[in-house]
Amino acid sequence: MSSNPSDPNHLLHHFETLAVHAGVSPDPTTGAIMTPIFQNSTYAQRAVGEHTGYEYSRTDNPTRTALQNSAAALEGGRYGLAFASGMAATDTLVRRLGPGDHVLSGNDVYGGTYRLFDKVLAKNGVEFSYVDTSDLEQVEAGLRPNTRMVWLETPTNPMLRLTDIAAVAQLTQAHGALLAVDNTFASPALQRPLLLGADVVVHSATKYLGGHSDVVGGLVIVNDQALYEDLKFLQNAAGAVPGPMDCFLTLRGIKTLPLRMQAHCANAQRLAEFLSQHSAVSQVIYPGLESHPQYELAKRQMAGGGGIISFIMEGGEAAASSVAANTQLFTLAESLGGVESLIEVPAVMTHASVADSSLAVDPGLVRVSVGIENCADLEADLSQALAQLAPVSKPAAVEAVGA
Ligand SMILES: *Cc1c(COP(=O)(O)O)cnc(C)c1O
């Protein structure tokens, strides 16, 4: 950001200000404050071959342009590209690669990402291998001469394991590979991978950026112009673009991202502390707790613990299912990052498809996406759901019941 007062962008220093203003300016024809929903496929040309910069909406659309510029500014990047979903964003990014290219991926990435790599993109001849990216030695050992990209998520889902982005960026730079970070869980309000040395940031805008569980979308943000031009070509050529209404909703969500993330983090921190004290809960995993194995890294790399808490029930899957069934404010649902609190049991819901793999999760694990409701109400809800559990069953008692 420039600090030159003659630069019209000189006031765009702080994240909250960027969230409201970046990429968006009053519509020149009407003065409309919000970028309109340009619900059109084509644009009148002034003369043959002389257009306004917009020719056809797969190529460019003004509502999408505003979203792309906003997202780029939030991540501290130069270029943004919007897609119809997070998966479409990832797909387009990896389509740059071809036979003989290798991608080194984190081993507990979003299930849909693993499916895309393993079941779709591998058919194009791209090689994928998987390591625990939180372990730098595994990353270093996993790099091959043909590694073109390292792909990671931090924090991961649902184990909330962190990877040191700056340290991995040093390895990828030395190797001549790109580092792509899926920043969906933290959002740019808490973590900006490009500023830590990553080359590409990917988002499922469906989650915190949109923030209201009313839109599916994806984003890619980069700094390098040649990489941007490659991706821009693919965005238009493959055409997995979002519609203008979805861009509008995501832009609208972004304006309150800083406020929402503050509330998500404050609520989650308090609930994580509450759950840590509860006798029915054997382990709480939350990056804002000192008990998190990477608490120091979380403090260094993230501006807050985030809105997701995972916890393991003393009573295993039965207890996890019981809690998830008995909350009233926390809705039983997949997805995350919206204003409303959600609860799920990964082993039988979001992670059922990986039950037999190395990604399998503890059956007693519960994941909550903490919303922005009043925290006392949320705590009371978890408390009453936990109180409905049968008394914690000791192995002998289980036998007695089973007999
Ligand atoms: C949801 C999610 C995705 C996929 O995004 P969609 O918008 O559902 O296609 C990718 N990565 C992470 C971390 C997610 O949570």
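**Ligand surroundings and the packing of H3 with H4**

The ligand is surrounded by Ser 85, Gly 86, Met 87, Tyr 110, Glu 153, Asp 182, Thr 184, Phe 185, Ser 204, Thr 206, Lys 207 and Gly 217, where a residue is counted if one of its heavy atoms lies within 4 Å of the molecule. The structure is a predicted model, in which local features need pLDDT of at least 70 and side-chain atom pairs count only at pLDDT 80 or more, whereas totals for chains, interfaces and linings use all residues. Residues are numbered from 1 along each chain as its sequence is written, and side-chain values use heavy atoms, with hydrogens and water left out.

This shell comprises 3 nonpolar, 6 polar and 3 charged residues, with Gly counted as polar and Tyr as nonpolar. Polar contacts (pairs of N or O atoms within 3.5 Å) join the ligand to the backbone of Gly 86, at 2.9 Å from a ligand oxygen, and to a backbone N or O atom of Met 87, likewise 2.9 Å from an oxygen atom of the ligand. A nitrogen atom of the ligand is placed 2.6 Å from a side-chain N or O atom of Asp 182. Of the 380 Å² of accessible area that the ligand has on its own, the protein covers 92% (Shrake-Rupley method, 1.4 Å probe).

Helix H3 (residues 86-94) packs against helix H4 (residues 111-120) at an angle of about 35 degrees, the axes being 10 Å apart; axes are lines fitted to C-alpha atoms over the stretch in contact, and angles run from 0 to 180 degrees between N-to-C directions. Helices are DSSP runs (H or I) of at least four residues. The contact (heavy atoms within 4.5 Å) involves Met 87, Thr 90, Asp 91 and Val 94 of H3 together with Gly 112, Thr 113, Leu 116 and Phe 117 of H4.

Conventions. Helices (H or I, at least four residues) and strands (E, at least two) are DSSP runs, numbered from the N terminus. A polar contact is a pair of N or O atoms within 3.5 Å; within protein, one must be able to donate a hydrogen and the other to accept it, and residues adjacent in sequence count only if both atoms are side-chain atoms.
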